[in-house]
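Q: Please take a close look at one part of this model and describe how the elements around it are arranged. A connected account is preferred over a list.

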Amino acid sequence: MTPATATRPKPPPKWPYTVAGLALVGVVLAAGWSLEDARWERLPQFPGAIWQYAAQMVDGVLTWPGAHPDGQADPDLTYGDWWLQALKLMGESVALAWIGTCVGALVSFPLAFLAASNTAPWFVRMPVRTFFNAIRAVPEILLAVIVMLPLFGLNPMAGAMAIGIHSIGSLGKLTLESIEAIDPGPVEAVVASGATWWQRIRTAVIPQLLPETVGFWLYRFEVNIRASAILGVVSAGGIGALLSRVLRGREWEWGGIMLVVIIFVTILVDQISAALRHRILHGADATAVAA
């Protein structure tokens, strides 16, 4: 046995991790079993029910648009009408997300300069940072129910403003961190030439900051599309309200059409947004090489 082999440390035992994992699984199972309202006897029925619902959804998606669905009050209603209505409401959700993103970007961008440590004194940035943290901690759906619906009523503006207010906190946080991470060299050069605070921001800070900030705005737009679909459940506009009603009524064929529209539009917007962000952050040459 060589000296190196004799001094080699032994690997740590694995049994403590195994025991801890089994104990954690036991705690989770015990907690689930203790739920009073849980109907665990229905659990074996789920695979069959899910297969049945999925089959009805696929049937609705694959049925010819000119066909008439069974059991509808309007005899002239076709599957094509369901497709058109789903696309119209999904377009409304995208519009809500776009308006909310614009509101968040326009308000958060100037406020971020009042919250960054290299562009504002502490007595100015502390309340602005607190404002960002406070509104970011409240989910969009609570903003819509507690604040926006009483103000704007049951219409899409309530959902757009709820998304916009929440976006101010998220975009403000990301933007102020980008301001604090800029290269101080150009700022020092501008200060040495006698520039004012605004001239320093306009000529040395914003040019460094803008490409990354626009990328944040586009990414937030993607997130807001998903949020707008959820806000529809509380009648704040978009496709979520109809989707909730259709699924509660167990109209699985129509629900399948709506889910396909939501997934398709979300993926399409994500791909376009990702391409734009890559073009802004890395330039046309990098985009051509990636393609």
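A: Ile146 is exposed in this predicted model, because its relative accessible area is 60% and the cut-off for exposed is over 50%. Ile146 sits in helix α6, which spans residues 140-152. Ile146 is also one of the residues of a nonpolar surface patch of about 780 Å². The other members of that patch are Ile141, Leu142, Val145, Val147, Leu151, Phe152, Met157 and Ile230. Helix α6 gives the most to the patch, with 7 residues.

Two further helices come into view from here, α7 (residues 156-180) and α9. The axes of α7 and α9 come within 9 Å and cross at roughly 150°. An angle over 145 degrees counts as roughly antiparallel, so α7 and α9 are roughly antiparallel to each other. The crossing of α7 and α9 is right-handed.

Helix α9 (residues 197-231) also packs with helix α4 (residues 79-113), their axes coming within 8 Å and crossing at roughly 150°. α4 and α9 are therefore roughly antiparallel to each other as well, and their crossing is right-handed.

The salt bridges add side-chain detail to these helices. A search of the whole structure finds 4 of them, among them the pair Arg129 and Glu180, with the closest N and O atoms 2.3 Å apart. Arg129 lies in helix α5 (residues 122-137) and Glu180 in helix α7, so this pair ties together parts that are 51 residues apart in sequence. Arg129 is partly exposed, at a relative accessible area of 25%, and Glu180 is partly exposed at 31%.

Another salt bridge stays within helix α7: Lys173 and Glu177 both lie there, 4 residues apart, or about one turn of the helix. The closest N and O atoms of Lys173 and Glu177 are 3.4 Å apart. Lys173 is partly exposed, with a relative accessible area of 30%, and Glu177 is partly exposed, with 37%.

Helix α9 takes part in a salt bridge through Arg226, whose side chain meets that of Asp270 at 2.8 Å, N to O. This pair links distant parts of the chain, with Arg226 in helix α9 and Asp270 in helix α11 (residues 252-290), 44 residues apart. Asp270 counts as buried because its relative accessibility is 16% and the cut-off for buried is under 20%. Arg226, at 40% relative accessibility, counts as partly exposed.

Methods
Residues are numbered from 1 along each chain as its sequence is written. This is a predicted model: local features need pLDDT of at least 70, side-chain atom pairs count only at pLDDT 80 or more; totals for chains, interfaces and linings use all residues. Side-chain values use heavy atoms; hydrogens and water are left out. Patches are made of residues with over 30% relative accessible area and no salt bridge: like charges are joined within 9 Å, nonpolar side chains (Val, Leu, Ile, Met, Phe, Trp, Tyr) within 5 Å. Accessible areas come from the Shrake-Rupley method with a 1.4 Å probe; for residues, only the protein chains shown count as cover. Helices (H or I, at least four residues) and strands (E, at least two) are DSSP runs, numbered from the N terminus. Buried means under 20% relative accessible area, exposed over 50%, partly exposed in between (1.4 Å probe, protein chains only). Axes are lines fitted to C-alpha atoms, for helices over the stretch in contact, and angles run from 0 to 180 degrees between N-to-C directions. Angles under 35 degrees count as roughly parallel, over 145 as roughly antiparallel, 65 to 115 as roughly perpendicular and the rest as oblique. A crossing is left-handed if the near helix is turned anticlockwise from the far one by less than a right angle, and right-handed if clockwise.
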